[in-house]
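Reader: Hey, I've just opened this one and I'm new to it. Could you walk me through it?

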Amino acid sequence: MAGRRLQIAPLVAGLGVILVGVLVLLDAQDVISLSFAALAPLACAVLGATLLASGLTRSG
Amino acid sequence: MTDDDTTQIQEPQPEPKPQRRMTRPRDDRVIAGVCSGLGRYFNVDPVLFRVAAVALIFFGGAGLILYVAAVLLIPNEGEERPETRRNRDRALAIVGVILLVVAAGSIFSHGVFHVGWLFGPFLFIALVALGVWWLVSGERPQGDAGRIARSIARGIGVLILCFALALGGAWLAGAGGGTAAAIVVIAAGAILAGAALEGYGRWLILPALSLALPVAVVSAANIDLHGGAGDKSYVPASAAQVRDSYHLGAGRLVVDLRDAKLPPGDRPLKIRLGVGEAILLVPDNVCVANKSKVGVGVIDNFNHSNGGVDVDAADQPPAPPGNARIVLDANVGLGRLGIGHYDDGRVFVHKPFGHAGRGDYNFAGQSNTGCEATHGG
C-alpha cells in the first residue's frame with residue numbers, strides 16, 4: 001500500500017476556510033458583527049498562507 | 001614523444017552548430033507559411049498559431065497586421081538573405097508595422113470593425129481557463145493543440161464550478177440562510193483539510209475558496225436579498241400610507257415622502273436593500289435623523305457624502321417644534337443610500353447609464369433644512 005503524503009497547501013486552505021465559516025456562523029447567530037475591516041485581512045491571510053504553503057511545498 | 005605524436009593526439013574540433021533561423025516552409029503552408037514556420041521554430045503544433053492568428057484577426061484586426069509583418073520579416077525557406085540586407089529589410093518592416101498599427105488603431109477604433117468584441121471574451125476566457133487549470137493541476141500549458149484544448153476545457157469546467165459555488169453560496173447567505181451557508185463553508189473546509197491529510201485535495205482549494213469568500217462578503221455587507229428585485233418606487237399621498245419599513249433585494253428603491261404631509265413628531269422608518277440604490281426624498285420642512293449602514297458603497301446624506309466599506313452614518317439632529325422628523329434606520333448591503341429633497345421642478349429624469357456612477361439623484365448642495373438651524377448641514 002502506497003504511503004499517504006500530507007499536502008500542506010490544501011490543509012492550510014482548509015483550515016482557513018473553516019475559520020471563515022466559523023466567523024460567518026457567529027455573525028449569523030449575532031454573536032459577533034462581521035465587518036469588512038475584519039474580513040479583508042482574514043481573506044488576505046488565508047490566501048497568502050495558502051500560496052506560501054504551496055510555494056514552500058514545491059520548492060521543498 | 002615527437003612533434004608528430006603531439007599532432008596526432010589533438011582532439012578534433014566540434015563542428016559549429018548551424019544557427020537556427022525562422023523561415024517560412026514551402027511544403028507546409030496555408031497562405032504564406034508564417035504559422036508553419038513559427039510552429040517549427042518553437043516546436044509547437046502550427047494549428048495553435050493558426051487559431052491564434054484567426055482569433056486576432058477578429059480581435060481588432062491585429063492578427064492581419066501581424067501576419068503581414070511576419071511575411072515581411074520571415075524569409076522563405078531557402079531564400080535567407082545576407083546579414084546586412086536582412087537587417088535593413090527588418091528595420092523597414094518594423095517601421096511599416098508601426099505605421100500599419102497606428103493606421104489600424106484609428107480605423108478600427110471608429111467602428112469599422114466590430115466583430116472583435118465577440119471574440120475578445122472567448123480569447124480572454126480561454127486564457128483564464130488555461131491559467132486556472134495550471135493553478136489547479138500544476139500542469140503547464142504546453143504540448144500539442146489537443147492537449148491545450150483539453151486543458152482549456154478542464155479550466156472552463158473548474159471556472160463554471162467555482163462560479164456556481166460562489167453564486168449559490170452568496171445567494172444562500174443573502175436569502176437568510178446565513179447559518180446554513182456557514183455550515184456548508186465549514187463542511188467544505190473540513191473536506192479540504194481531510195483530503196489534504198489523505199494526500200490529495202490541491203484541486204479543491206479554488207472551489208472551496210470560491211464558496212467561502214462570497215459567503216463571507218455577503219455576511220460582512222449584511223446583504224439581504226428578501227423583497228424581490230427591480231425598481232420600486234413608493235410615493236405615499238398621506239401620512240397613513242407611509243409604511244414602517246421598505247424592503248428590496250436588488251435594484252433601486254425610491255421612497256418619496258414629499259406628498260405624505262407628515263405630522264409633527266418622530267416617525268421611525270426602516271429601509272433594507274441588498275444590492276443597489278436606496279433613495280429617500282423628504283420635503284424641505286421634514287428633518288431626517290439618520291442611523292444607517294452601507295456594507296460597500298456610499299451614503300449621500302444631503303450634502304454629506306461618505307463612501308467605502310463598512311460605511312456608517314449617525315446623525316441625530318433635533319427638529320424644531322412643528323416639524324416632522326424621520327428617524328431613519330437604513331441598511332444597504334452593496335450600493336448607495338441617498339437622502340435629500342427636491343421640489344418637483346428638480347427631479348432628475350431616470351437615466352440608467354446617463355450618470356457617472358452615482359445614480360440619478362444628486363444631493364450635493366442640499367441641506368437637512370427641516371432640522372434646527374444649527375444642524376442644517
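Author: Sure, we can go through confidence, cysteines, a helix or two and some strands. Keep in mind that this is a predicted model.

Reader: OK, what are the ipTM and pTM scores?
Author: The model scores ipTM 0.92 and pTM 0.61.

Reader: And what does the pLDDT of chain B average?
Author: Chain B averages 77, and 71% of the residues score at least 70.

Reader: Where in chain B is confidence lowest, and where is it highest?
Author: The low end is helix H1 (residues 3-8) of chain B, with a mean of 48. The high end is helix H8 (residues 178-197) of chain B, at 94.

Reader: Which stretches should I know about for pLDDT under 50?
Author: One of them is residues 110-115 of chain B, where pLDDT stays under 50 and the model has seven contacts beyond four places in sequence. Another is residues 343-359 of chain B, also below 50, with 22 contacts in the model beyond near neighbours in sequence.

Reader: Switching topic: how many disulfides does a search of the whole structure find?
Author: One, over all chains. That disulfide joins Cys287(B) to Cys371(B), with an S to S distance of 1.9 Å.

Reader: Is that disulfide right-handed or left-handed, and why?
Author: The torsion about the S-S bond of Cys287(B) and Cys371(B) is about 85 degrees, so the disulfide is right-handed.

Reader: What parts does the pair tie together?
Author: Cys287(B) lies in strand S4 (residues 286-301) of chain B, while Cys371(B) is in the segment after strand S6 (324-340) of chain B, so the parts tied together are 84 residues apart in sequence.

Reader: Is Cys287(B) buried or exposed?
Author: Buried, because its relative accessibility is 0%. Its partner Cys371(B) counts as buried too, at 5%.

Reader: What about Cys35(B) and Cys162(B), buried or exposed?
Author: Cys35(B) is buried at 9% relative accessibility, and Cys162(B) is buried with a relative accessible area of 8%.

Reader: Now Leu161(B). Where is that?
Author: You'll find Leu161(B) in helix H7 (residues 145-174) of chain B. With a relative accessible area of 38%, Leu161(B) is partly exposed.

Reader: Which residues is Leu161(B) in contact with, leaving aside its neighbours within four places in sequence?
Author: Trp203(B) and Pro207(B). There's also a C-alpha distance to look at: Leu161(B) and Ser210(B) are 49 residues apart along the chain, and their C-alpha atoms are separated by 9.0 Å.

Reader: Let's move to H9(B). How many of its 17 residues are buried?
Author: 13 of the 17, so H9(B) is largely enclosed by the rest of the structure.

Reader: What should its 17 residues span?
Author: Helix H9 (residues 205-221) of chain B should span 24 Å at 1.5 Å a residue, and that agrees with its end C-alpha atoms, which are 24 Å apart.

Reader: What comes just after H9(B)?
Author: Asn222(B), which takes a positive phi of about 55 degrees.

Reader: Last topic, strands. In what sense do S2 and S3 of chain B pair?
Author: Strand S2 (residues 245-256) of chain B and strand S3 (residues 265-281) of chain B pair in the parallel sense, over 11 bridges. For instance, Leu253(B) has Ala278(B) in S3(B) as its bridge partner.

Reader: And over how many bridges do S3(B) and S6(B) pair?
Author: They pair over 16 bridges, in the parallel sense. You can also spot Leu281(B) opposite Gly340(B) in S6(B).

Key: Residues numbered from 1 in each chain as written. Chains lettered and ligands numbered in written order. Predicted model: local features only at pLDDT ≥ 70, side-chain atom pairs only at ≥ 80, totals over all residues. Heavy atoms only, no water. Disulfide = S-S within 2.5 Å. Helix = DSSP H or I, 4+ residues; strand = E, 2+ residues; numbered from the N terminus. Buried < 20%, exposed > 50% of the residue type's maximum accessible area, 1.4 Å probe, protein only. pLDDT = per-residue confidence, 0-100. Contact = heavy atoms within 4.5 Å. Expected span 1.5 Å × (residues − 1). Pairing = 2+ DSSP bridges.
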